[in-house]
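Please open the model in your viewer and keep the sequence panel beside it. The tour below moves from one selection to the next and says what is found at each stop.

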Amino acid sequence: MAVLGPAFGIVKILRSRKRGCFLLTLLCFAFFVFLVCDFLVYYVVIVQCRWPDIRTETQRGSKRTSASVLKAMFLSDTHLLGEIKGHWLDKLRREWQMERAFQTALWLLQPDIVFILGDIFDEGKWSSSQAWSEDVKRFQKMFRHPSDTELVAIVGNHDIGFHYEMTTYKLSRFDRVFNFTSEKLITRKGINFVLVNSVAREGDGCIICSTAEAKLIELSRKLNCSWKKHSNKECGDVEQLPASEPILLQHYPLYRRSDSDCTGEDSAPPEEKSIPFKEKYDVLSQEASRKLIWWFHPRLILSGHTHSACEVLHDGKIPEISIPSFSWRNRNNPSFIMGSITPTDYSLHKCFLPFENRVITIYCTAGALLLVLLLAHFRLLMPPFCFAQHLIIKHKEV
Ligand SMILES: [Zn+2]
């Protein structure tokens, strides 16, 4: 025994070193899987997205430099969870996913402007001022952007509540953070964007609604004047805007009966498609929709709210794109729209983000592999007979 003592000690040390090495390898493997699934995957997927070309450019023979094309990114319904309904793990996971997706997209695609079409927060409709400022802080961290990229946010029902929950207090705290004065017109590179607070399109004459309507009528007048000569009597006092049909951006879609005509892999699931939409809840009322088209004659409408994709043609000529939710909490395959826009043309491309079920499959496979390796290492994976033999040998050794 005295002779075997030191040798046995060396074997023991070697065994524990081997085990340490093995565990370290497993740890590295687990870290590698995390790195792929929660970091690199966004680069691999988003790098495949390209800014669309404007097809009419060559047809018209006009020379258009890349500087004159506005690269705009549109996303919607981020629904940052609040303190009441949000579980911390759900919050952590969803916010990490959205932050990584957004930051990777900014880095790879370098848009000039980003529009978020409402429902930025999930609980803005009832959050206390303290919860609101915490949500805002997290939003500002997740959606941080360089100074040469503009971020424009449009209000949604989860930010200020549905029409009967909407108050001037909630509206003004949203305005303060996002500088979104309801019903606003912004012009970039000669392109007019009309930003609408669609929650205030109830049409019941409430103070917020009637103020919003008056502003929209004024904006419509400004845009109409842009097509007329400045010497025109009615337009003498109006600020001159580029003569370009506007793009309408809002949270609620314009009225449509249901999503039954919507197609595409990220349209609503078949069992939901035929459910009729409720006016002023799922979509704008027919009257409010007619007014917006009448006032602005937009060349394109982009909206959110339904969390699913859809393309509709209003009056046979005005396309509306419903943008699906940007959060994996609402979709397995979120996306955003990339638009190359000029004052006369536009071209859109949808950029899909990683499928969550695929990421989960990779995690599960890696987890199962780790478990098998661990069990095999500790010799717990042998058939019963071998396992018993192994125990007897061990017993004899002792
Ligand atoms: Zn909504």
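Helices and strands here are DSSP runs numbered from the N terminus, a helix being H or I over at least four residues and a strand being E over at least two. The model is a predicted one, in which local features need pLDDT of at least 70 and side-chain atom pairs count only at pLDDT 80 or more, while totals for chains, interfaces and linings use all residues. Residues are numbered from 1 along each chain as its sequence is written.

**The whole chain**

Begin with the whole protein, whose secondary structure comes to 11 helices and 11 strands. A residue is called buried if 20 or more other C-beta atoms lie within 10 Å of its own, exposed if 12 or fewer do, and partly exposed in between, with C-beta atoms placed from the backbone. By that count, buried residues make up 33% of the 398 residues. Two residues are in contact, or touch, if their C-beta atoms, again placed from the backbone, lie within 7 Å. Of the contacts with a separation of 6 or more, 72% join residues 24 or more positions apart.

**Residues 21–45**

Select residues 21–45 next: the unreviewed UniProt entry lists them, together with residues 360–381, under "transmembrane region". Such positions are given in the numbering used here with shortened feature names, and annotations may be inferred rather than shown by experiment. In the model, residues 21–45 are 100% helix and 0% strand, and the C-alpha atoms at the two ends are 34 Å apart.

**Trp51**

Move on to Trp51, in the loop between helix 1 (4–46) and helix 2 (56–60). Trp51 counts as partly exposed because it has 19 C-beta neighbours inside 10 Å. Leaving aside residues up to four places away in sequence, Trp51 touches Lys71, Met338 and Ser340. Add Ser347 to the selection as well: it is 296 residues from Trp51 along the chain, yet their C-alpha atoms are separated by 8.7 Å.

**The sheet of 5 strands**

Now show the open sheet of 5 strands, with the order 3-2-1-10-11 and mixed pairing. Strand 3 (150–153) and strand 11 (346–352) are at its edges, each with a single partner strand, so one side of each has no neighbour in the sheet. Strands count as paired if DSSP finds at least two bridges between them. Inside this sheet, strand 1 (residues 70–75) and strand 10 (residues 335–341) pair in the antiparallel sense over 5 bridges, and Leu70 stands opposite Ile341 in strand 10.

**Phe74 and the core**

Colour Phe74, Phe115 and Leu249, which have the most contacts inside the largest nonpolar core, a group of 66 residues. Such a core is a set of buried Ala, Val, Leu, Ile, Met, Phe, Trp, Tyr and Cys residues joined through C-beta atoms within 7 Å. What does Phe74 touch, not counting residues up to four places away in sequence? The list is Phe115, Leu117, Leu302, Ile323, Phe336, Ile337 and Gly339.

**The sheet of 6 strands**

Switch to the other open sheet, in which 6 strands follow the order 4-5-6-7-9-8 with mixed pairing. Its edge strands are strand 4 (184–188) and strand 8 (310–314), each of which pairs on one side only. Strand 8 and strand 9 (residues 318–322) run antiparallel over 5 bridges, and Glu311 stands opposite Ile321 in strand 9.

Stop also at His305, in the loop between strand 7 (300–303) and strand 8. This residue has a positive phi of about 75° although it is not a glycine, and His305 is buried, with 25 other C-beta atoms within 10 Å.

**Helix 9 and its ends**

Finally, select helix 9 (residues 286–296), where Ala288, Ser289, Leu292 and Phe296 are buried. These residues lie on the same side of helix 9, because they cover an arc of only 100° around the axis, the arc being that of the directions from the helix axis to the C-beta atoms. They pack against strand 5 (191–195), helix 7 (207–226) and strand 6 (247–249). The face turned away from the buried side carries the exposed residues Gln286 and Trp294.

Just after helix 9, His297 takes a positive phi of about 40°. On the other flank, Lys280 lies in the loop between helix 8 (270–273) and helix 9. Lys280 also has a positive phi, near 65°, and is buried, with 20 other C-beta atoms within 10 Å.
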